[in-house]
Amino acid sequence: MSQKIIAVAGATGAQGGGLVRAILSDPQKTYRVRALTRDANSPKAQELAKLGAEVVSANVDDLDSLKHAFDGCYGAFCVTFYWDHFSPQRETQQATNLAQAASAAGVQHAIWSTLEDTRQFYPLSDTTRMPTLMGSYKVPHLDSKGEADHVFADLGLPTTFLLTSFYWDNFIYFGMGPKRSPDGKLVLSLPMANAKLAGIAAVDIGRCSFGIFQRGKEFQGRRVGIVGEWLTGNEMAARFTEALGQPVTYQAIPFDVYRNLGFPGADDLGNMFQFFAEQGDAMASTRRVELSRSLNPQLQDLRTWLAQNKSNIPLQ
């Protein structure tokens with residue numbers, strides 16, 4: 001029997017790359033993987049090809065290219081990357097393209113990497129609790145994903161709606177890790193007040209997704225949240241202290257202060273952290289460590305992730 005093919009959008013990114021590697025490292029070789037990328041000749045794409053992936057050029061802005069890439073596939077992992085363009089409307093259209101292409105190709109199981117539409121918790125008219133951004137959003141990079149959920153459902157596409165968590169990899173790439181204060185001490189500054197943050201290693205998102213594909217119909221039509229560990233700012237600082245061998249202190253930044261830090265997307269991320277901090281119970285109703293570990297026995301907690309990644313965290 002020929003192997004079923006899983007097409008992976010964003011194959012050179014954090015989530016997609018983790019899934020591609022999970023499929024390729026499966027000793028049972030249950031599936032073949034088709035890695036979708038805008039540039040099949042990029043170093044990251046060529047690395048996946050050397051590992052055994054079928055690398056195909058496709059663009060989430062181009063519906064026809066996606067239809068071609070999904071043709072003949074059993075499964076499709078659908079993900080978008082808001083920070084590439086900062087346009088919520090474009091991201092929702094990209095998700096729509098992915099859903100329509102998967103439907104047209106007769107994909108039997110899609111995973112849509114989504115997040116909550118925060119406007120269900122903070123109406124646009126409520127600017128007292130949280131400012132409205134771009135006229136139509138509270139947290140644009142979350143809302144634009146949640147807004148697209150209905151497209152997958154309306155098409156009748158067998159879909160798992162995958163709710164991810166804060167990437168611990170943001171401590172490396174988004175500059176969110178501990179920084180030195182003027183007195184030289186390390187401070188972890190996040191706008192989370194005393195609430196717990198749902199965190200996960202980016203690679204574990206791909207591994208959990210592979211677990212969902214392996215269990216098939218059990219998760220079709222469901223919203224499935226994944227998380228590696230729930231931790232307060234003080235608990236995260238303690239993990240950093242242990243890993244780095246020097247004291248790290250947590251500093252809670254007010255939401256308004258973070259929103260006005262001035263870097264691109266600061267207001268979006270400030271609203272995001274406010275949502276995470278104030279709506280933790282709603283997030284916890286879908287994100288459970290036990291379920292995540294059942295999908296991915298290699299699931300890491302922050303201590304394990306730091307042991308492997310602490311040398312990559314800039315501490316300027």
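Angles under 35 degrees between helix axes count as roughly parallel, over 145 as roughly antiparallel, 65 to 115 as roughly perpendicular, and the rest as oblique. Keep that in mind as you explore this predicted model.

**Stop 1: helices H3 and H4.** Select residues 63-70 for H3 and residues 88-104 for H4. Their axes lie 8 Å apart and meet at an angle of about 40°. H3 and H4 are therefore oblique to each other. Turn the view until one helix lies in front of the other: the crossing of H3 and H4 is right-handed.

**Stop 2: helices H1 and H2.** Now select residues 14-24, which form H1, and then residues 43-51, which form H2. How far apart are the axes of H1 and H2? The distance is 11 Å, and the packing angle is about 15°. This pair is therefore roughly parallel. H1 passes H2 in a left-handed crossing.

**Stop 3: inside H1.** Stay with H1 and show its side chains. Nine of the 11 residues in H1 are buried, so this helix is mostly covered. Among the buried ones you can click on Gln 15, Leu 19, Val 20, Ile 23 and Leu 24. The buried set also includes Gly 16, Gly 17 and Gly 18.

**Stop 4: a patch on the surface.** Finally, select Val 257, Leu 261 and Phe 263, which make a nonpolar surface patch of about 240 Å². Val 257 sits in helix H10, residues 255-259. Is Val 257 buried, partly exposed or exposed? Its relative accessibility is 43%, so Val 257 counts as partly exposed, because that class lies between the 20% and 50% cut-offs.

Technical notes
Residues numbered from 1 in each chain as written. Predicted model: local features only at pLDDT ≥ 70, side-chain atom pairs only at ≥ 80, totals over all residues. Heavy atoms only, no water. Buried < 20%, exposed > 50% of the residue type's maximum accessible area, 1.4 Å probe, protein only. Helix = DSSP H or I, 4+ residues; strand = E, 2+ residues; numbered from the N terminus. Patch = residues over 30% accessible without salt bridge, like charges linked within 9 Å, V, L, I, M, F, W, Y side chains within 5 Å. Areas by Shrake-Rupley, 256 points an atom, 1.4 Å probe, with all protein chains shown as cover. Salt bridge = Lys/Arg side-chain N within 4 Å of Asp/Glu carboxyl O. Axes fitted to C-alpha atoms, helices over the stretch in contact; angles between N-to-C directions. Left-handed = near helix turned anticlockwise from the far one by under 90°.
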